[in-house]
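Visitor: I have a model open and I'd like to learn how to read it. Can we go through it together?

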Amino acid sequence: MADDEQVIPLVEERVAISKAEVETGRLRVRIAIDEREEGVAAELSRDEVEVQRVPRGVPLDTLPEVRVDGDTTIIPVVEEQLVVEKRLVLVEEIHLVRRTESATHEVPVTVRSERAEVERESPSGAVARARWQPK
């Protein structure tokens, strides 16, 4: 190097960034199921049929059909009788009368709901708790 040259040292700073996991607390979640009995009203109905035999004794030309009159179903019962001639005679009718009864009954039903319990623990050991339930 010549005498008239001067050297100036240059300095450079470099930054290095690194990451580390640090625990800041813990979280614990528990799901619990609560059960309770509730009564549920249910409408139940029942049909009851009463059989009535009604004697008729009416001569007929044709075979009668089963018919419905309101809540009563009428079923004709015929027989052939041999006299001098053969003819249909309505011997009796069977009347089926329907009656419907309704009643309300309480039926026990098990209802379940969930609730969540959350615990948060800080590094200092303090514990915070929270609960959530359906509305």
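Guide: Sure. Keep in mind that this is a predicted model. Let's start with contacts: of those in the chain with a separation of 6 or more, 67% are between residues 24 or more positions apart.

Visitor: Okay, and what does the secondary structure of the chain come to?

Guide: Here you count helices and strands, then read their order. The chain has five strands and zero helices, so along the sequence the pattern runs β-β-β-β-β.

Visitor: How does the radius of gyration of the chain sit against the globule rule?

Guide: You set the value beside what the rule gives for that chain length. For 135 residues the rule gives 14 Å, and the chain comes out at 47 Å, well over that, so the chain is more spread out than a compact globule. The C-alpha trace tells you the spans too: about 165 × 45 × 20 Å along the principal axes.

Visitor: How many of the residues count as buried?

Guide: The cut-off for buried is under 20% relative accessible area. In this chain, 12% of the 135 residues make it. As for surface, the chain exposes about 12400 Å², with carbon and sulfur atoms supplying 50% of that.

Visitor: Which residues make the nonpolar surface patch?

Guide: That would be L27, V29 and I31, together making a patch of about 290 Å². Take I31 as a case: it lies in strand β1, which covers residues 26-60.

Visitor: Is I31 buried or exposed?

Guide: Exposed means over 50% relative accessible area. I31 has 53% relative accessibility, so I31 counts as exposed.

Note on methods
Residues are numbered from 1 along each chain as its sequence is written. This is a predicted model: local features need pLDDT of at least 70, side-chain atom pairs count only at pLDDT 80 or more; totals for chains, interfaces and linings use all residues. Side-chain values use heavy atoms; hydrogens and water are left out. Patches are made of residues with over 30% relative accessible area and no salt bridge: like charges are joined within 9 Å, nonpolar side chains (Val, Leu, Ile, Met, Phe, Trp, Tyr) within 5 Å. Accessible areas come from the Shrake-Rupley method with a 1.4 Å probe; for residues, only the protein chains shown count as cover. A salt bridge is a side-chain nitrogen of Lys or Arg within 4 Å of a carboxyl oxygen of Asp or Glu. Helices (H or I, at least four residues) and strands (E, at least two) are DSSP runs, numbered from the N terminus. Buried means under 20% relative accessible area, exposed over 50%, partly exposed in between (1.4 Å probe, protein chains only). The radius of gyration is taken over C-alpha atoms; the globule rule is 2.2 Å times the number of residues to the power 0.38. Contact means heavy atoms within 4.5 Å.
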